[in-house]
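Let's take a walk through this model together, from the whole chain down to single residues. Keep the 3D view open and rotate it as we go.

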Amino acid sequence: MQTIVIDGFVSFTLAICLLFIGKFATMRFELLRKYSIPEPVIGGFICAITVAVIYYFFSTTIEFELEARDTLLLYFFAGIGLSANIKTLLSGGKPLLILTLLAVIYIGLQNIVGVSVATLFGFEPLLGLMAGSISLIGGVGTTMAWSPTFAEMGLESAAEIGIASNTLGLISACLVGGPIANYLIKKYRLEANTDHQLDIGVCHNETVKLDHFGYLYAWLMLNLSLMLGYFVDIAMASLGLQLPMFVACLLAGIIIGNFQSVVLKKKTSQNAQLGQTLISDICLGMFLTMALMGLQLWQLQSSLLFLSVVIISQVILSVGFTLLVVFRAMGKNYEAAVISSGFGGITLGSTATAIVNMTAVTQQHGAAHKAFIIVPLVCGFFIDIANALIINGFIINL
């Protein structure tokens with residue numbers, strides 16, 4: 001077995017090509033647009049399958065250097081913050097609390113499903129947590145953070161189960177969010193507001209014009225938000241708040257954007273806003289493309305039956321809970337449908353997949369500004385904290 005390592009520059013260039021493949025496929029096939037399948041999923045998953053074929057038939061492992069991936073995510077969330085109006089944030093108070101409460105309830109249900117399926121297969125019940133909120137809502141970072149604890153308990157395969165569950169969950173999250181929203185929009189005949197300025201990207205049938213000044217100004221604001229974000233992260237850490245770096249960049253973007261509009265009374269030009277939107281869209285697409293192209297699908301084979309059953313069970317739980325509880329609790333309107341598409345991303349994948357799902361829906365149907373503030377805040381601030389507490393409770397009781 002030989003290993004080929006693709007350096008960062010080539011990996012980044014390949015990710016651009018894969019994203020183009022996804023965009024062209026979306027433009028070409030109405031079915032992909034109809035169900036709001038995210039563009040990055042198409043190219044990224046093609047790459048992951050190709051790498052798996054090379055692994056099995058040519059005994060060669062291909063690894064990509066993806067250092068730029070995490071920075072792209074920071075740019076994306078900084079852009080979300082820059083476009084966040086303080087009035088929108090304040091009006092999102094009640095929905096924010098409701099979605100947080102629903103997410104906390106869901107974490108408990110997700111772990112119950114994971115533990116139940118693990119017990120059914122005769123595994124240690126604690127392994128079910130690795131196929132529950134640790135890997136799905138928590139993501140790879142949470143999985144690797146908890147793996148040493150499980151290893152100390154004698155569960156050496158915990159990390160493999162967690163990573164494999166996260167891989168399947170990530171793929172599932174990208175595929176269920178769009179169809180959920182489209183089903184709700186069609187069934188309840190929901191319509192977006194008349195605001196055509198999307199938070200991320202542009203509508204599929206829309207042509208935009210952007211001059212060099214608008215692009216450069218947007219780039220400057222994003223860089224300033226990242227710089228301020230590092231100081232915000234240091235400040236939060238000094239207060240004992242260990243939150244993902246993207247949360248700090250989101251807050252920094254909110255601070256800079258609203259300082260400019262509220263304190264300086266300076267309205268960002270439409271051209272600059274468009275620049276921020278397009279750069280954020282590109283960064284998010286590149287991030288998810290790189291995340292998917294880096295998947296090593298052959299790692300799933302050791303526990304494929306267990307993983308298949310548990311992930312199918314988790315997908316059924318996610319879709320059912322979203323349709324029957326989340327959509328209704330969030331108001332049964334267009335914003336609630338977009339939030340529902342994001343909830344599928346949260347519960348099965350990550351914050352990034354949640355936003356990608358919502359982006360695909362809004363590009364097809366129209367803007368949903370509150371959704372793009374509420375969902376990232378719930379993902380970044382509250383879910384990680386609640387998840388850690390609930391996981392601890394399950395470990396103590398199991």
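Helices here are DSSP runs of H or I with at least four residues, numbered from the N terminus. With that naming in hand, we can place Q110, which sits in helix α6. Please bear in mind that this is a predicted model.

Before we look around Q110, here is the overall picture. The protein contains 16 helices and two strands. It has 398 residues, of which 55% count as buried. Among contacts with a separation of 6 or more, 82% are between residues 24 or more positions apart. On the outside, the protein exposes about 17800 Å², and carbon and sulfur atoms supply 67% of that area.

Now back to Q110: is this residue buried or exposed? Its relative accessibility is 0%, and the cut-off for buried is under 20%, so Q110 counts as buried. Which residues does Q110 touch, leaving aside neighbours within four places in sequence? The contacts are G132, S133, L136, I137, Q314, L317 and T347.

Two of those partners, Q314 and L317, also appear among the buried residues of helix α13, so let's move there next. Helix α13 covers residues 304-329, which is 26 residues. At 1.5 Å a residue, the helix should span 38 Å, and because its end C-alpha atoms are 35 Å apart, expectation and model agree. The helix does have a kink of about 40°, centred on T322. You will find T322 in the set of buried residues of α13 as well, together with F306, L307, V310, I311, Q314, V315, L317, S318, F321, V326 and F327. It helps to remember that an α-helix has 3.6 residues a turn, so residues three or four places apart point the same way. What do the buried residues of α13 pack against? They pack against α6 (93-120), α9 (158-188) and α14 (334-348). After α13 comes G331, whose phi is positive, near 115°.

Positive phi values also turn up in residues other than glycine. S59 is one such residue, with phi near 50°. S59 lies in the loop between α3 (39-58) and β2 (60-64), and because its relative accessibility is 38%, it counts as partly exposed. R189 is not a glycine either, and its phi is positive at about 50°. You can find R189 in the loop between α9 and α10 (212-238). Why does R189 count as exposed? Its relative accessible area is 75%, and the exposed class begins over 50%.

Turn the model next to helix α3, where V53 lies. Together with I49, Y56, F57 and F58, V53 makes a nonpolar surface patch of about 560 Å². V53 has a relative accessibility of 37%, so it counts as partly exposed.

Charged side chains give us another stop. How many salt bridges does a search of the whole structure find? It finds two. In one, E39 pairs with K23, and the closest N and O atoms are 2.8 Å apart. This pair links distant parts of the chain, as E39 belongs to helix α3 and K23 to helix α1 (residues 8-28), 16 residues apart. E39 has a relative accessible area of 12% and is therefore buried, while K23, at 26%, is partly exposed. The other salt bridge joins R69 and D70, with 4.0 Å between the closest N and O atoms. R69 is partly exposed, with a relative accessible area of 25%, and D70 counts as partly exposed at 48%.

Our last stop is M153, in the loop between α8 (139-152) and α9. Its relative accessible area is 39%, so M153 is partly exposed. Not counting residues up to four places away in sequence, M153 touches L126 and I395. How far apart are M153 and L126 in space, C-alpha to C-alpha? The distance is 9.5 Å, while in sequence M153 and L126 are 27 residues apart.

Notes:
Residues numbered from 1 in each chain as written. Predicted model: local features only at pLDDT ≥ 70, side-chain atom pairs only at ≥ 80, totals over all residues. Heavy atoms only, no water. Expected span 1.5 Å × (residues − 1). Bend = angle between axes of the 7 residues up to and from the residue. Buried < 20%, exposed > 50% of the residue type's maximum accessible area, 1.4 Å probe, protein only. Contact = heavy atoms within 4.5 Å. Patch = residues over 30% accessible without salt bridge, like charges linked within 9 Å, V, L, I, M, F, W, Y side chains within 5 Å. Areas by Shrake-Rupley, 256 points an atom, 1.4 Å probe, with all protein chains shown as cover.
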